[in-house]
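Thanks for making time this morning. I would like to walk you through one structure, going from the overall layout to a few particular places in it.

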Amino acid sequence: MRRGGRFQPLHMAGWLFADMLLVLALVAMGDQGDPQAAGKRPASASSAAGKKARHTGPRAVVRTPVKVAVDAQDGDGDGIVRALRAATSRYRGRQAAFVLTFGRHTDPGAGGRYAHEVNALLEKARPDMFRAATTRDFWKGGASPGHADIEIYFYTY
């Protein structure tokens, strides 16, 4: 029996919020592309006119990153660009969604600055690959300054 003889709508607010959150989660999950199915698609074949095959469905991000390493002196922009081009040459034609860069150094500040320097030169090294990619700078402990470990998350196509 209800206390005071009145229905308290506030008691239902928690359940209503939980139900709405569940619906939003289901809608969000149903709206995502399938990166595994996109990986099974045939490679985009070029026709005689040089047109690329059209992709259908939403583009997603591959969950497994491509890991590369860069070795170049801190402050040597041209050396960093050359190292980035060499490290990413086998991934030409792909577009990065986001990039996590870990600058190695004994000092966290110096490692983070090196990671930031590398990320600032990504688009110069490979404009088509890194245009509009989201980047994050991190420090990774280590005694080898001038080294960065990079994790690249590519789009499915």
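If you follow the chain from its beginning, the order of elements reads α-α-β-α-β-α-α-α-β-β, which gives six helices and four strands. Please keep in mind throughout that this is a predicted model, and that every value I quote was computed from it.

Of the 157 residues in the protein, 29% are buried, and the accessible surface comes to about 11,000 Å², with 56% of that belonging to carbon and sulfur atoms. Among contacts with a separation of 6 or more, 80% are between residues 24 or more positions apart.

Let me turn to the strands. Strand E1, residues 66–71, has a covered face made up of Val 66, Val 68 and Val 70, while Lys 67, Ala 69 and Asp 71 form the uncovered one. That pattern recalls a general point, namely that in a regular strand the side chains alternate between the two faces of the sheet. E1 runs antiparallel to E4, and six bridges join the two; Lys 67, for instance, has Glu 151 in E4 as its bridge partner.

E4 also takes part in an aromatic pair, one of three that a search of the whole structure finds. How are the rings of Phe 98 and Tyr 153 arranged? Their centres are 4.5 Å apart and their planes lie at 15°, and because planes under 30 degrees apart count as stacked, this pair is stacked. The two rings come from distant parts of the chain, with Phe 98 in strand E2 (residues 96–105) and Tyr 153 in strand E4 (residues 147–154), 55 residues apart. Their exposure is worth noting as well: Phe 98 is partly exposed, with a relative accessible area of 31%, whereas Tyr 153 is buried, at 14%.

Another ring to look at is that of Tyr 155, where the charged end of Arg 59 sits over the ring, 3.6 Å from its centre.

Finally, I would point you to helix H4, residues 108–120, whose 13 residues reach 18 Å from the first C-alpha to the last, close to the 18 Å expected at 1.5 Å a residue. Which residues of H4 are buried? They are Ala 110, Gly 111, Tyr 114, Ala 115, Glu 117, Val 118 and Asn 119. The cover over these buried residues includes the strands E1, E2, E3 and E4, together with helices H3 and H5, so E1 and E4, the antiparallel pair from earlier, appear here again as part of what covers H4.

Notes: Residues are numbered from 1 along each chain as its sequence is written. This is a predicted model: local features need pLDDT of at least 70, side-chain atom pairs count only at pLDDT 80 or more; totals for chains, interfaces and linings use all residues. Side-chain values use heavy atoms; hydrogens and water are left out. Buried means under 20% relative accessible area, exposed over 50%, partly exposed in between (1.4 Å probe, protein chains only). Contact means heavy atoms within 4.5 Å. Accessible areas come from the Shrake-Rupley method with a 1.4 Å probe; for residues, only the protein chains shown count as cover. Rings of Phe, Tyr and Trp (its six-membered ring) pair if their centres lie within 6.5 Å; planes under 30 degrees apart count as stacked, over 60 as edge-to-face and the rest as tilted. A charge sits over a ring if NZ of Lys or CZ of Arg is within 6 Å of the ring centre and within 35 degrees of the ring normal. Two strands pair if DSSP finds at least two bridges between them. The expected span of a helix is 1.5 Å times one less than its number of residues.
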